[in-house]
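Let's walk through this one piece by piece, from the overall layout down to single backbone angles. Have the model open as you read.

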Amino acid sequence: MQVTMTVNGAEVTRDVEPRQLLVHFLRDTLGLTGTHWGCDTSNCGTCVVLVDGEPVKSCTALAAMTAGHEVRTVEGLADGATLDPVQQGFMEEHGLQCGFCTPGMMLTARALLDRDPDPDEQTIREAISGQICRCTGYATIVRSVRWAARHGAGAAAEAPAIPAPAAPPAAEEVPA
Ligand code: FES
Ligand code: FES
């Protein structure tokens with residue numbers, strides 16, 4: 001069957017198998033491999049893309065279901081050479097280590113900031129609760145989103161930074 005949708009601002013029309021998952025359509029048909037594929041069982045959230053501005057796990061959606069809709073992947077976050085504040089925030093606050101979860105995390109953050117430009121820590125943690133990071137941990141991811149809130153368009157007020165965790169004691173300070 002033939003489907004037409006908008007992907008990162010450009011209209012695309014392709015023949016798809018009715019059963020083809022959106023994640024495979026994006027990666028294999030369109031070559032947008034920034035969308036990662038982890039568990040295939042709707043558990044990890046690494047495959048999140050935005051469909052009409054809402055985070056969707058692309059391993060649990062069919063490509064055909066997005067016909068007529070707007071899909072945004074991580075490749076569509078930056079505006080030319082200008083990074084989205086969310087991308088900049090992940091750089092500034094070291095919100096990634098291996099980077100596998102990062103595209104989905106950033107897209108969820110983008111959707112959150114679009115509807116709430118100044119989310120608190122709990123709101124951010126709830127927003128990303130369907131996504132798993134296996135290495136960095138969530139503190140730096142939350143701080144990255146807060147950085148974006150402080151520096152992104154629509155962030156009217158300067159949001160207070162979330163303090164970094166205290167450094168572990170030096171070896172000589174550890175009681176015997
Ligand atoms: S690959 Fe989609 S939730 Fe894990
Ligand atoms: S940075 Fe490695 S899984 Fe999140």
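A residue counts as buried if 20 or more other C-beta atoms lie within 10 Å of its own, as exposed if 12 or fewer do, and as partly exposed in between. With that in hand, take Asp 40: it has 13 C-beta neighbours inside 10 Å, so it lands in the partly exposed class. Keep in mind that this is a predicted model.

**The overall layout**

The chain has 176 residues, and buried ones make up 40% of them. Its secondary structure comes to five helices and five strands. Reading from the N terminus, the elements go β-β-α-β-β-β-α-α-α-α. As for contacts with a separation of 6 or more, 60% are between residues 24 or more positions apart.

**The sheet**

How are the five strands ordered in the sheet? They form an open sheet in the order β2-β1-β5-β3-β4, with mixed pairing. β2 (10-15) and β4 are at the edges with a single partner strand each, so each has one side without a neighbour in the sheet. On average, neighbouring strands here are turned by 40 degrees against each other, ignoring direction.

Here are three of the strand pairings side by side.

| Strands | Sense | Bridges | A facing pair |
|---|---|---|---|
| β1 and β2 | antiparallel | six bridges | Met 5 and Val 12 |
| β1 (2-7) and β5 (70-72) | parallel | two bridges | Val 7 and Val 71 |
| β3 (48-51) and β4 (54-57) | antiparallel | four bridges | Leu 50 and Pro 55 |

β1 is worth a look on its own. Its covered face carries Val 3, Met 5 and Val 7, while Gln 2, Thr 4 and Thr 6 are on the uncovered one. Met 5 from the covered face stands opposite Val 12 in β2. Val 7, also on the covered face, has Val 71 in β5 as its bridge partner.

Two hairpins show up as well. The one made by β1 and β2 has two residues between the strands, and Asn 8 there takes a positive phi near 50 degrees. β3 and β4 make a hairpin that also has two residues between its strands, and Asp 52 in that turn has a positive phi of about 50 degrees.

**The helices**

Start with α2 (residues 85-92), where the buried residues are Pro 85, Val 86, Gln 87, Gly 89 and Phe 90. What covers them includes α3 (102-115) and α5 (138-151).

Two packed helices are described by the angle between their axes and the distance between the axes. For α2 and α3, that gives an angle of about 125 degrees with the axes 9 Å apart. The two helices are therefore oblique to each other. α2 passes α3 in a right-handed crossing. Which residues meet there? From α2 come Val 86, Gln 87 and Phe 90, and from α3 come Thr 102, Met 106, Ala 109, Arg 110 and Leu 113. Sorted by type, the residues of this contact are five nonpolar, two polar and one charged.

α3 also ties the helices back to the sheet: it lies across β3, β4 and β5 and runs at about 35 degrees to β3.

Over in α5 you'll find Arg 150. Is Arg 150 buried or partly exposed? It has 17 C-beta neighbours inside 10 Å, so it counts as partly exposed. Its C-alpha is 7.6 Å from that of Asp 118, although the two residues are 32 residues apart along the chain.

**Unusual backbone angles**

Most residues other than glycine have a negative phi, and most peptide bonds are trans. Against that background, the loop between α1 (22-29) and β3 is where Asp 40 sits, and Asp 40 has a positive phi of about 70 degrees without being a glycine. Ser 42 lies in the loop between α1 and β3 too, and also has a positive phi of about 70 degrees although it is not a glycine. How do they fare on burial? Asp 40, as worked out at the start, is partly exposed, whereas Ser 42 counts as exposed because it has 12 C-beta neighbours inside 10 Å.

One more for the list: His 94, just after α2, takes a positive phi of about 55 degrees.

How values were computed:
Residues are numbered from 1 along each chain as its sequence is written. Chains are lettered from A and ligands numbered from 1 in the order in which they are written. This is a predicted model: local features need pLDDT of at least 70, side-chain atom pairs count only at pLDDT 80 or more; totals for chains, interfaces and linings use all residues. Two residues are in contact if their C-beta atoms, placed from the backbone, lie within 7 Å. Two strands pair if DSSP finds at least two bridges between them. Axes are lines fitted to C-alpha atoms, for helices over the stretch in contact, and angles run from 0 to 180 degrees between N-to-C directions. Angles under 35 degrees count as roughly parallel, over 145 as roughly antiparallel, 65 to 115 as roughly perpendicular and the rest as oblique. A crossing is left-handed if the near helix is turned anticlockwise from the far one by less than a right angle, and right-handed if clockwise. Ala, Val, Leu, Ile, Met, Phe, Trp, Tyr, Cys and Pro count as nonpolar, Asp, Glu, Lys and Arg as charged, and the others, Gly among them, as polar.
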